[in-house]
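Subject: The structure I promised you

Hi there,

Here is the structure I said I would pass on. Have a look at it first, and then read on for what turned up.

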Amino acid sequence: MFLKNAWYVAATDHEVGRHLHAVKVLGEDILLYRTQSGGVVALEDACPHRKLPLSMGRLQGDEVECGYHGLVFDCAGTCTRAPGLAHPPKPAAARSYPVAERYGLVWIWMGDAAKADPGDIIQVEHWGDPAWGVNRGDAMLVHCNYLYLTDNLLDPSHVSWVHQTSFGSASMIGEPMKTQVNENGVLVSRWMRNVEVAPFYAKFVKFDGNCDRKQHYEVRVPAHAVIKAIFTPAGTASDTEPFHPDIFLMDSYNFLTPVDESTTRYFWFQLRNFSPDDESVSQQFAEDVRGAFEEDRVVLEAVHAGMAKNPSRMNLPLDAGPLRFRQKMKALIDAEQTAAQPAALAMAR
Ligand SMILES: [Fe+2]
(Lines give C-alpha, C1' and ligand atoms only; values in the text may rest on other atoms or scores of the structure.)
Protein backbone atom coordinates (compact mmCIF):
# COMPACT_ATOMS: atom_id res chain seq x y z
CA MET A 1 0.00 0.00 0.00
CA PHE A 2 1.28 3.43 -0.93
CA LEU A 3 0.24 7.03 -0.50
CA LYS A 4 -1.08 8.08 -3.92
CA ASN A 5 -1.84 11.76 -3.45
CA ALA A 6 1.80 12.84 -3.37
CA TRP A 7 4.62 13.88 -5.66
CA TYR A 8 7.31 11.27 -6.32
CA VAL A 9 10.44 11.43 -8.44
CA ALA A 10 9.81 9.40 -11.61
CA ALA A 11 13.19 9.93 -13.30
CA THR A 12 16.14 12.27 -13.62
CA ASP A 13 15.59 14.96 -16.24
CA HIS A 14 18.27 13.55 -18.56
CA GLU A 15 16.63 10.11 -18.59
CA VAL A 16 13.57 11.57 -20.31
CA GLY A 17 13.94 12.73 -23.93
CA ARG A 18 12.60 12.20 -27.42
CA HIS A 19 12.25 8.50 -26.88
CA LEU A 20 9.84 6.19 -25.04
CA HIS A 21 11.09 5.59 -21.49
CA ALA A 22 9.31 3.05 -19.26
CA VAL A 23 9.32 3.35 -15.46
CA LYS A 24 7.35 1.74 -12.65
CA VAL A 25 6.09 3.87 -9.75
CA LEU A 26 3.92 2.53 -6.89
CA GLY A 27 3.48 -0.66 -8.91
CA GLU A 28 2.07 1.23 -11.93
CA ASP A 29 3.74 1.00 -15.34
CA ILE A 30 4.28 4.47 -16.77
CA LEU A 31 5.58 5.76 -20.08
CA LEU A 32 7.60 8.99 -20.09
CA TYR A 33 8.67 11.07 -23.08
CA ARG A 34 9.32 14.65 -24.10
CA THR A 35 7.26 16.62 -26.58
CA GLN A 36 8.96 18.52 -29.40
CA SER A 37 8.81 21.66 -27.25
CA GLY A 38 10.56 19.87 -24.34
CA GLY A 39 7.61 19.22 -22.01
CA VAL A 40 7.38 15.89 -20.20
CA VAL A 41 4.44 13.53 -20.78
CA ALA A 42 3.51 10.65 -18.47
CA LEU A 43 0.97 8.07 -19.65
CA GLU A 44 -0.18 4.71 -18.40
CA ASP A 45 2.17 2.31 -20.18
CA ALA A 46 -0.55 0.10 -21.69
CA CYS A 47 -2.63 0.40 -24.81
CA PRO A 48 -6.30 0.15 -23.68
CA HIS A 49 -6.97 -2.41 -26.45
CA ARG A 50 -4.75 -5.39 -25.53
CA LYS A 51 -2.48 -3.74 -22.97
CA LEU A 52 0.72 -3.88 -24.98
CA PRO A 53 3.05 -1.39 -23.27
CA LEU A 54 2.94 1.85 -25.25
CA SER A 55 6.69 2.06 -24.58
CA MET A 56 6.98 -0.78 -27.13
CA GLY A 57 5.40 1.47 -29.78
CA ARG A 58 6.70 4.54 -31.62
CA LEU A 59 6.93 8.22 -30.81
CA GLN A 60 5.39 10.22 -33.66
CA GLY A 61 5.66 13.96 -33.15
CA ASP A 62 4.05 14.55 -29.75
CA GLU A 63 1.95 11.38 -29.94
CA VAL A 64 2.65 7.72 -29.36
CA GLU A 65 1.59 4.92 -31.67
CA CYS A 66 0.88 1.47 -30.25
CA GLY A 67 3.16 -1.18 -31.70
CA TYR A 68 0.35 -3.76 -32.01
CA HIS A 69 -2.51 -2.18 -34.05
CA GLY A 70 -1.39 1.41 -34.53
CA LEU A 71 -3.78 3.19 -32.17
CA VAL A 72 -2.39 6.67 -31.58
CA PHE A 73 -2.57 8.56 -28.27
CA ASP A 74 -1.90 12.23 -27.59
CA CYS A 75 -0.17 13.82 -24.58
CA ALA A 76 -3.39 13.60 -22.54
CA GLY A 77 -3.75 9.88 -23.33
CA THR A 78 -6.72 10.45 -25.66
CA CYS A 79 -6.88 8.11 -28.63
CA THR A 80 -6.72 10.33 -31.73
CA ARG A 81 -6.56 7.65 -34.41
CA ALA A 82 -7.55 3.99 -34.78
CA PRO A 83 -6.50 2.66 -38.19
CA GLY A 84 -9.48 1.31 -40.15
CA LEU A 85 -12.05 3.19 -38.07
CA ALA A 86 -13.59 6.56 -38.84
CA HIS A 87 -13.51 7.49 -35.17
CA PRO A 88 -11.54 5.99 -32.26
CA PRO A 89 -13.71 3.81 -29.98
CA LYS A 90 -15.00 5.67 -26.90
CA PRO A 91 -13.17 3.78 -24.12
CA ALA A 92 -9.82 4.11 -25.92
CA ALA A 93 -7.78 6.26 -23.59
CA ALA A 94 -4.61 5.79 -21.57
CA ARG A 95 -4.46 7.44 -18.17
CA SER A 96 -2.26 10.51 -18.05
CA TYR A 97 -0.39 11.62 -14.92
CA PRO A 98 0.45 15.18 -13.83
CA VAL A 99 4.21 15.83 -14.05
CA ALA A 100 6.55 18.68 -13.18
CA GLU A 101 10.29 19.27 -13.52
CA ARG A 102 12.24 20.60 -10.59
CA TYR A 103 15.82 20.29 -9.29
CA GLY A 104 16.92 18.30 -12.33
CA LEU A 105 14.25 15.68 -11.62
CA VAL A 106 10.93 14.70 -13.17
CA TRP A 107 8.18 14.57 -10.54
CA ILE A 108 4.94 12.65 -10.95
CA TRP A 109 1.62 12.85 -9.08
CA MET A 110 0.22 9.36 -8.59
CA GLY A 111 -3.21 10.15 -7.14
CA ASP A 112 -6.25 12.26 -8.01
CA ALA A 113 -5.06 14.60 -10.78
CA ALA A 114 -7.42 17.34 -9.55
CA LYS A 115 -5.38 17.53 -6.33
CA ALA A 116 -1.97 17.87 -8.03
CA ASP A 117 -0.28 21.18 -7.23
CA PRO A 118 3.40 21.53 -8.23
CA GLY A 119 3.65 24.09 -5.43
CA ASP A 120 3.51 21.13 -3.04
CA ILE A 121 6.83 19.70 -4.33
CA ILE A 122 9.46 19.85 -1.59
CA GLN A 123 11.23 23.20 -1.24
CA VAL A 124 15.01 22.85 -1.44
CA GLU A 125 16.65 25.53 0.67
CA HIS A 126 19.72 27.16 -0.99
CA TRP A 127 18.90 25.75 -4.47
CA GLY A 128 20.17 28.39 -6.89
CA ASP A 129 22.12 30.20 -4.14
CA PRO A 130 25.47 31.16 -5.76
CA ALA A 131 27.27 30.68 -2.42
CA TRP A 132 26.29 27.00 -2.29
CA GLY A 133 27.71 24.19 -4.38
CA VAL A 134 25.59 21.34 -5.70
CA ASN A 135 26.50 17.75 -6.30
CA ARG A 136 23.80 16.91 -8.85
CA GLY A 137 23.60 13.40 -7.48
CA ASP A 138 22.57 10.11 -8.88
CA ALA A 139 20.06 7.28 -8.52
CA MET A 140 20.14 3.60 -7.65
CA LEU A 141 17.74 0.70 -7.42
CA VAL A 142 17.44 -0.85 -3.97
CA HIS A 143 15.72 -4.19 -3.55
CA CYS A 144 13.85 -3.38 -0.35
CA ASN A 145 10.54 -1.82 0.68
CA TYR A 146 10.85 1.98 0.80
CA LEU A 147 10.06 2.03 4.53
CA TYR A 148 13.38 0.29 5.29
CA LEU A 149 15.03 3.27 3.59
CA THR A 150 12.96 5.76 5.60
CA ASP A 151 13.88 3.78 8.75
CA ASN A 152 17.53 4.16 7.81
CA LEU A 153 17.24 7.88 7.07
CA LEU A 154 15.63 8.51 10.47
CA ASP A 155 18.39 6.65 12.28
CA PRO A 156 21.54 8.73 12.80
CA SER A 157 23.09 5.93 14.88
CA HIS A 158 23.57 3.56 11.94
CA VAL A 159 26.51 5.53 10.52
CA SER A 160 28.77 4.21 13.31
CA TRP A 161 28.40 0.67 11.99
CA VAL A 162 27.38 0.90 8.35
CA HIS A 163 29.65 3.80 7.37
CA GLN A 164 32.73 3.39 9.58
CA THR A 165 35.10 4.70 6.90
CA SER A 166 32.97 7.67 5.79
CA PHE A 167 30.14 9.26 7.80
CA GLY A 168 30.74 7.54 11.14
CA SER A 169 33.18 7.85 14.01
CA ALA A 170 33.50 5.84 17.21
CA SER A 171 33.07 8.90 19.45
CA MET A 172 29.44 9.28 18.34
CA ILE A 173 28.25 5.99 19.77
CA GLY A 174 25.63 6.28 22.50
CA GLU A 175 24.88 10.00 22.09
CA PRO A 176 21.12 10.44 22.78
CA MET A 177 18.74 11.50 20.02
CA LYS A 178 15.74 13.82 20.01
CA THR A 179 12.65 12.76 18.05
CA GLN A 180 10.16 15.36 16.87
CA VAL A 181 6.96 14.60 14.97
CA ASN A 182 6.07 17.40 12.57
CA GLU A 183 2.97 17.97 10.47
CA ASN A 184 4.69 16.69 7.34
CA GLY A 185 7.07 14.09 8.78
CA VAL A 186 9.51 13.19 11.52
CA LEU A 187 12.85 14.69 12.57
CA VAL A 188 15.50 12.90 14.60
CA SER A 189 18.54 14.95 15.60
CA ARG A 190 21.42 15.14 18.03
CA TRP A 191 24.39 17.34 18.82
CA MET A 192 27.67 15.58 19.60
CA ARG A 193 30.19 17.79 21.31
CA ASN A 194 33.96 17.73 21.08
CA VAL A 195 34.14 14.70 18.79
CA GLU A 196 36.48 13.87 15.95
CA VAL A 197 35.52 14.85 12.40
CA ALA A 198 34.38 11.71 10.53
CA PRO A 199 36.52 10.65 7.53
CA PHE A 200 34.12 11.76 4.75
CA TYR A 201 34.01 15.32 6.09
CA ALA A 202 37.64 15.64 7.29
CA LYS A 203 38.94 16.53 3.85
CA PHE A 204 36.47 19.41 3.50
CA VAL A 205 36.24 21.13 6.92
CA LYS A 206 38.21 24.37 7.20
CA PHE A 207 39.29 24.00 10.84
CA ASP A 208 41.68 21.69 12.70
CA GLY A 209 40.96 19.57 15.76
CA ASN A 210 37.74 18.27 17.18
CA CYS A 211 34.30 19.51 16.27
CA ASP A 212 30.77 19.84 17.52
CA ARG A 213 28.67 17.84 15.10
CA LYS A 214 24.94 17.89 14.49
CA GLN A 215 23.03 15.17 12.68
CA HIS A 216 19.62 16.34 11.42
CA TYR A 217 17.74 13.35 9.99
CA GLU A 218 14.34 14.31 8.70
CA VAL A 219 11.91 12.35 6.52
CA ARG A 220 8.89 14.10 5.05
CA VAL A 221 5.77 12.52 3.60
CA PRO A 222 5.68 10.50 1.39
CA ALA A 223 9.38 9.48 1.49
CA HIS A 224 11.67 12.48 1.09
CA ALA A 225 14.63 12.72 3.44
CA VAL A 226 16.49 15.91 4.30
CA ILE A 227 19.73 15.02 6.04
CA LYS A 228 21.74 17.97 7.33
CA ALA A 229 25.34 17.59 8.48
CA ILE A 230 26.80 20.40 10.58
CA PHE A 231 30.44 20.55 11.70
CA THR A 232 31.61 23.53 13.71
CA PRO A 233 34.80 23.95 15.79
CA ALA A 234 34.48 22.25 19.20
CA GLY A 235 32.75 24.53 21.68
CA THR A 236 30.78 26.54 19.11
CA ALA A 237 27.63 24.39 18.81
CA SER A 238 24.45 26.43 18.84
CA ASP A 239 20.95 26.30 17.38
CA THR A 240 20.32 29.98 18.00
CA GLU A 241 23.62 31.93 17.68
CA PRO A 242 25.04 32.97 14.27
CA PHE A 243 27.16 30.26 12.62
CA HIS A 244 30.93 30.14 13.19
CA PRO A 245 32.66 31.45 10.01
CA ASP A 246 34.35 28.07 9.46
CA ILE A 247 31.19 26.02 9.83
CA PHE A 248 30.69 23.12 7.39
CA LEU A 249 27.11 22.62 6.23
CA MET A 250 25.91 19.88 3.93
CA ASP A 251 22.25 19.32 3.08
CA SER A 252 21.56 15.95 1.52
CA TYR A 253 18.23 15.46 -0.26
CA ASN A 254 17.10 11.86 -0.69
CA PHE A 255 13.95 10.98 -2.64
CA LEU A 256 12.63 7.45 -2.34
CA THR A 257 10.24 6.26 -5.02
CA PRO A 258 8.57 2.90 -4.40
CA VAL A 259 8.77 0.84 -7.59
CA ASP A 260 6.72 -1.85 -5.88
CA GLU A 261 6.47 -3.34 -2.39
CA SER A 262 9.97 -4.81 -2.53
CA THR A 263 11.90 -2.39 -4.75
CA THR A 264 12.70 1.29 -4.37
CA ARG A 265 14.43 3.76 -6.65
CA TYR A 266 16.63 6.06 -4.59
CA PHE A 267 17.42 9.54 -6.01
CA TRP A 268 19.70 12.06 -4.28
CA PHE A 269 21.71 15.27 -4.48
CA GLN A 270 23.66 17.38 -1.99
CA LEU A 271 24.24 21.08 -1.40
CA ARG A 272 27.21 22.51 0.52
CA ASN A 273 28.10 25.92 1.89
CA PHE A 274 31.56 26.07 0.32
CA SER A 275 33.45 25.77 -3.00
CA PRO A 276 30.30 26.45 -5.04
CA ASP A 277 32.05 26.26 -8.42
CA ASP A 278 34.68 23.62 -7.66
CA GLU A 279 33.82 20.69 -9.90
CA SER A 280 36.47 18.50 -8.25
CA VAL A 281 34.70 18.88 -4.88
CA SER A 282 31.36 17.94 -6.48
CA GLN A 283 33.03 14.94 -8.09
CA GLN A 284 34.55 13.83 -4.77
CA PHE A 285 31.16 14.23 -3.07
CA ALA A 286 29.47 12.23 -5.81
CA GLU A 287 31.90 9.32 -5.52
CA ASP A 288 32.01 9.24 -1.71
CA VAL A 289 28.25 9.57 -1.29
CA ARG A 290 27.54 6.84 -3.80
CA GLY A 291 30.04 4.58 -2.02
CA ALA A 292 28.33 5.18 1.33
CA PHE A 293 24.85 4.65 -0.14
CA GLU A 294 26.05 1.35 -1.59
CA GLU A 295 26.87 0.36 2.01
CA ASP A 296 23.25 1.19 2.95
CA ARG A 297 21.93 -0.73 -0.05
CA VAL A 298 23.72 -3.95 0.93
CA VAL A 299 22.44 -3.75 4.52
CA LEU A 300 18.85 -2.77 3.68
CA GLU A 301 18.43 -5.45 1.01
CA ALA A 302 19.56 -8.05 3.55
CA VAL A 303 17.22 -6.53 6.19
CA HIS A 304 14.26 -6.75 3.77
CA ALA A 305 15.07 -10.38 2.97
CA GLY A 306 15.55 -11.27 6.64
CA MET A 307 12.35 -9.58 7.80
CA ALA A 308 10.37 -11.13 4.93
CA LYS A 309 11.50 -14.57 6.06
CA ASN A 310 11.07 -14.06 9.77
CA PRO A 311 9.73 -10.67 11.01
CA SER A 312 11.16 -9.34 14.28
CA ARG A 313 9.00 -7.79 16.97
CA MET A 314 11.99 -6.36 18.82
CA ASN A 315 12.58 -2.61 18.86
CA LEU A 316 15.33 -0.45 20.35
CA PRO A 317 15.08 3.17 21.55
CA LEU A 318 16.75 4.22 18.28
CA ASP A 319 13.66 2.95 16.42
CA ALA A 320 11.43 5.68 17.91
CA GLY A 321 11.72 8.06 14.94
CA PRO A 322 11.40 5.38 12.23
CA LEU A 323 8.32 3.90 13.96
CA ARG A 324 6.64 7.30 14.31
CA PHE A 325 7.11 7.89 10.59
CA ARG A 326 5.66 4.46 9.79
CA GLN A 327 2.64 5.25 12.00
CA LYS A 328 2.14 8.58 10.24
CA MET A 329 2.31 6.97 6.79
CA LYS A 330 -0.08 4.19 7.80
CA ALA A 331 -2.63 6.75 9.07
CA LEU A 332 -2.35 8.78 5.86
CA ILE A 333 -2.64 5.73 3.61
CA ASP A 334 -5.60 4.37 5.61
CA ALA A 335 -7.35 7.76 5.38
CA GLU A 336 -6.72 7.96 1.65
CA GLN A 337 -8.04 4.43 1.08
CA THR A 338 -11.14 5.11 3.20
CA ALA A 339 -11.85 8.34 1.30
CA ALA A 340 -11.47 6.50 -2.02
CA GLN A 341 -13.93 3.73 -1.09
CA PRO A 342 -17.26 5.58 -1.68
CA ALA A 343 -16.08 6.64 -5.15
CA ALA A 344 -14.98 3.08 -5.99
CA LEU A 345 -18.31 1.66 -4.75
CA ALA A 346 -20.28 4.21 -6.81
CA MET A 347 -18.31 3.23 -9.92
CA ALA A 348 -18.97 -0.47 -9.28
CA ARG A 349 -22.75 0.06 -9.13
FE1 LIG B 1 23.48 5.26 5.69
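Leaving aside its neighbours within four places in sequence, which residues is I108 in contact with? Before the answer, please keep in mind that this is a predicted model.

**I108 and its strand**

I108 sits in strand β10, which covers residues 105-109. Once neighbours within four places in sequence are set aside, its contacts are A6, W7, Y8, A10, V25, I30, A42, Y97, P98 and V99. One of these, A42, is 66 residues away along the chain, and the C-alpha atoms of the two residues are separated by 7.9 Å. The relative accessible area of I108 is 0%, so the residue counts as buried.

The rest of the strand follows suit. Five of the five residues of β10 are buried, which means that the strand is largely enclosed by the rest of the structure. If you look at β10 face by face, L105, W107 and W109 lie on one side, V106 and I108 lie on the other, and all of them are buried.

β10 also has strand partners. Strand β1 (residues 7-12) runs antiparallel to β10 and is joined to it by five bridges, with V9 standing opposite W107. Strand β9 (residues 99-102) pairs with β10 in the antiparallel sense as well, over four bridges, and here E101 stands opposite V106. β9 and β10 form a hairpin with two residues between the strands, where Y103 takes a positive phi near 60°.

**Nonpolar cores**

In soluble globular proteins, nonpolar side chains tend to be buried together. In this model the largest nonpolar core has 64 residues, and I108 is among those with the most contacts inside it, along with I30, Y201, F231, F248 and Y266. Helix α4 supplies the largest share of this core, six residues. Apart from it lies another core of 23 residues, which includes Y103, L105, W109 and V124.

F231 is worth a click too. Not counting residues up to four places away in sequence, F231 touches V197, A198, Y201, V205, F207, C211, D212, R213, D246, I247 and F248.

**Empty space inside and outside**

Rolling a probe the size of a water molecule over the atoms shows where empty space is left. How many cavities of 30 Å³ or more does the count come to? The count comes to one, and its volume is about 200 Å³. Its lining is made up of 21 residues, with F167, Y201, Y217, I227 and F293 nearest the centre. The elements that give two or more residues to this lining are β14 (211-220), β15 (224-233), β16 (248-260), β17 (263-272) and α4 (279-309). Sorted by class, the cavity lining holds 11 nonpolar, seven polar and three charged residues. Y201 turns up twice, then: among the residues with the most contacts in the largest core, and among those nearest the centre of this cavity.

The largest pocket has a volume of about 700 Å³. It is lined by 22 residues, and Y148, D151, V303, M307 and D319 are the closest to its centre. Two or more lining residues come from each of α1 (146-152), α2 (159-162), α4 and α5 (320-348). Of these, α4 gives the most, with four residues. By class, the pocket lining has 12 nonpolar, five polar and five charged residues.

**Two more pieces of strand pairing**

Strands of a sheet pair through backbone hydrogen bonds, either parallel or antiparallel. One open sheet here has four strands in the order β5-β6-β7-β8, with antiparallel pairing. β5 (58-60) and β8 (79-81) stand at the edges with a single partner strand each, so one side of each has no neighbour in the sheet. Three bridges link β5 to β6 (residues 63-65) in the antiparallel sense, and the bridge partner of Q60 in β6 is E63.

The other piece is a hairpin of β12 and β13, with two residues between the strands. β12 (residues 178-182) and β13 (residues 185-195) run antiparallel and are joined by five bridges. Within this pairing, V181 stands opposite V186 of β13.

Happy viewing, and do write back with any thoughts.

Best wishes

Notes
Residues numbered from 1 in each chain as written. Predicted model: local features only at pLDDT ≥ 70, side-chain atom pairs only at ≥ 80, totals over all residues. Heavy atoms only, no water. Pairing = 2+ DSSP bridges. 1 Å grid on protein atoms, 1.4 Å probe; cavity = no way out; pocket = protein on both sides within 12 Å on 5 of 7 lines; lining within 4 Å. Points joined across faces, edges and corners; volume = space filled by probe spheres on them. Nonpolar A, V, L, I, M, F, W, Y, C, P; charged D, E, K, R; others polar. Buried < 20%, exposed > 50% of the residue type's maximum accessible area, 1.4 Å probe, protein only. Contact = heavy atoms within 4.5 Å. Core = buried A, V, L, I, M, F, W, Y, C linked by side-chain atoms within 4.5 Å.
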